[in-house]
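Work through the two exercises below with the sequence and the 3D structure at hand. Each solution goes step by step.

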Amino acid sequence: MRRIHLTTVIARTLAAATVLTVTAACGAQSDKASGAADQKPAAAAPSTAPSTGTANDNQADGSTADGATEADPASAPSAAAKPAPKILMATGAKGARVQELQARLAQVGWFDDTPTGTYGSVTVAAVKGFQSKRGLPTTGSADTATWQRLADMTSKPTRDELAGKAVNKPKTKLDKRCMTGRVLCISKTTRTLNWVVNGKVLSSMDVRFGSQYTPTREGTFKVFLKSKNHVSSIYHTPMPYAMFFSGGQAVHYSSDFAKRGYAGASHGCVNVRDKAKLAKLFDQVKVNDKVVIYW
């Protein structure tokens, strides 16, 4: 009996020693790791983020990765940092340049009012929309990056454009899928719907799409239903001259688009603001006609 008791005591002592050893080992790894970090902060830095980030930035400028690795880690962040774009125009600004900005935004469908030369809330919203679509910081202020991108996409406004009497939109480049048959050819880039038959554009109209939360689908579809006096069963709003092409998404007239322009968005449908043009198009389009939506 005493021998059994002694055996049990020895076994328990060995088990406790094992647990203590494992715990100590874990503790030792943490202590050792932190001790190494305390002793060699400079040795770790060049082999991790600073050298990699600097190498990437310098390679983009044409420098070699070797040169970046040899650079002083302390000076790397400031060398890699790019200056923020200079703000050219913002809320409250006035003048001819603001008027030109508004006219150029009108060319790409972001400004619907008459250019006034005053940088107000409508202009801020238009600039934000343009910036968001191009992956630029959405500030609402016209900085050098925004102005350059807009200038590359537009032309010098004419007198009539500056006066709000005309808008010269960039010519839409038709997708190759639109070149055969009967097609509702819809460009998200120029926000234009072209009715194309055998490669010939018969009519064009401005369109508006869904927001980032309810995006309009892209791809090739077919008109599967036409409903002249349709009312949404979900939102209970009128959708005149609706031509459905994908689930609940349709091309249809929008009174909100006609009233507010691009300040709003659809729930995924392709909105048209010219009711007369769409009514005429509705009579021409047939079920099974193709719909192409692209950038």
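**Exercise 1.** Find which elements supply at least two residues each to the lining of the second largest pocket, and describe that lining.

*Solution.*
Step 1. In this predicted model, the elements to mark are strand E8 (238–246), strand E9 (249–253) and H10, each of which supplies at least two residues of the lining of the second largest pocket.
Step 2. E8 provides the largest share of this lining, four residues.
Step 3. The lining of the second largest pocket consists of 24 residues, and those nearest the centre are Tyr235, Thr237, Met239, His252 and His267.
Step 4. Sorted by class, this lining holds 13 polar, nine nonpolar and two charged residues.
Step 5. The space in the second largest pocket comes to about 570 Å³.

**Exercise 2.** Describe the largest pocket: what is its volume, how many residues line it, and which helix gives the most to the lining?

*Solution.*
Step 1. The volume of the largest pocket is about 750 Å³.
Step 2. Its lining is made of 31 residues. Trp110, Gly129, Arg191, Tyr262 and Gly264 are the ones nearest the centre.
Step 3. Two helices, H7 (121–133) and H10 (255–260), each supply at least two residues of this lining.
Step 4. H7 gives the most, with seven residues.
Step 5. By class, the lining of the largest pocket contains ten charged, eight polar and 13 nonpolar residues.
Step 6. To link the two exercises, look at H10: this helix supplies at least two residues to the lining of the largest pocket, and at least two to that of the second largest pocket.

Conventions: Residues are numbered from 1 along each chain as its sequence is written. This is a predicted model: local features need pLDDT of at least 70, side-chain atom pairs count only at pLDDT 80 or more; totals for chains, interfaces and linings use all residues. Side-chain values use heavy atoms; hydrogens and water are left out. On a 1 Å grid over the protein atoms alone, a cavity is a set of points where a 1.4 Å probe fits but cannot get out, and a pocket is an open set with protein on both sides within 12 Å along at least five of seven lines; lining residues have an atom within 4 Å of a point. Grid points are joined across faces, edges and corners, and a volume is the space filled by probe spheres set on the points. Ala, Val, Leu, Ile, Met, Phe, Trp, Tyr, Cys and Pro count as nonpolar, Asp, Glu, Lys and Arg as charged, and the others, Gly among them, as polar.
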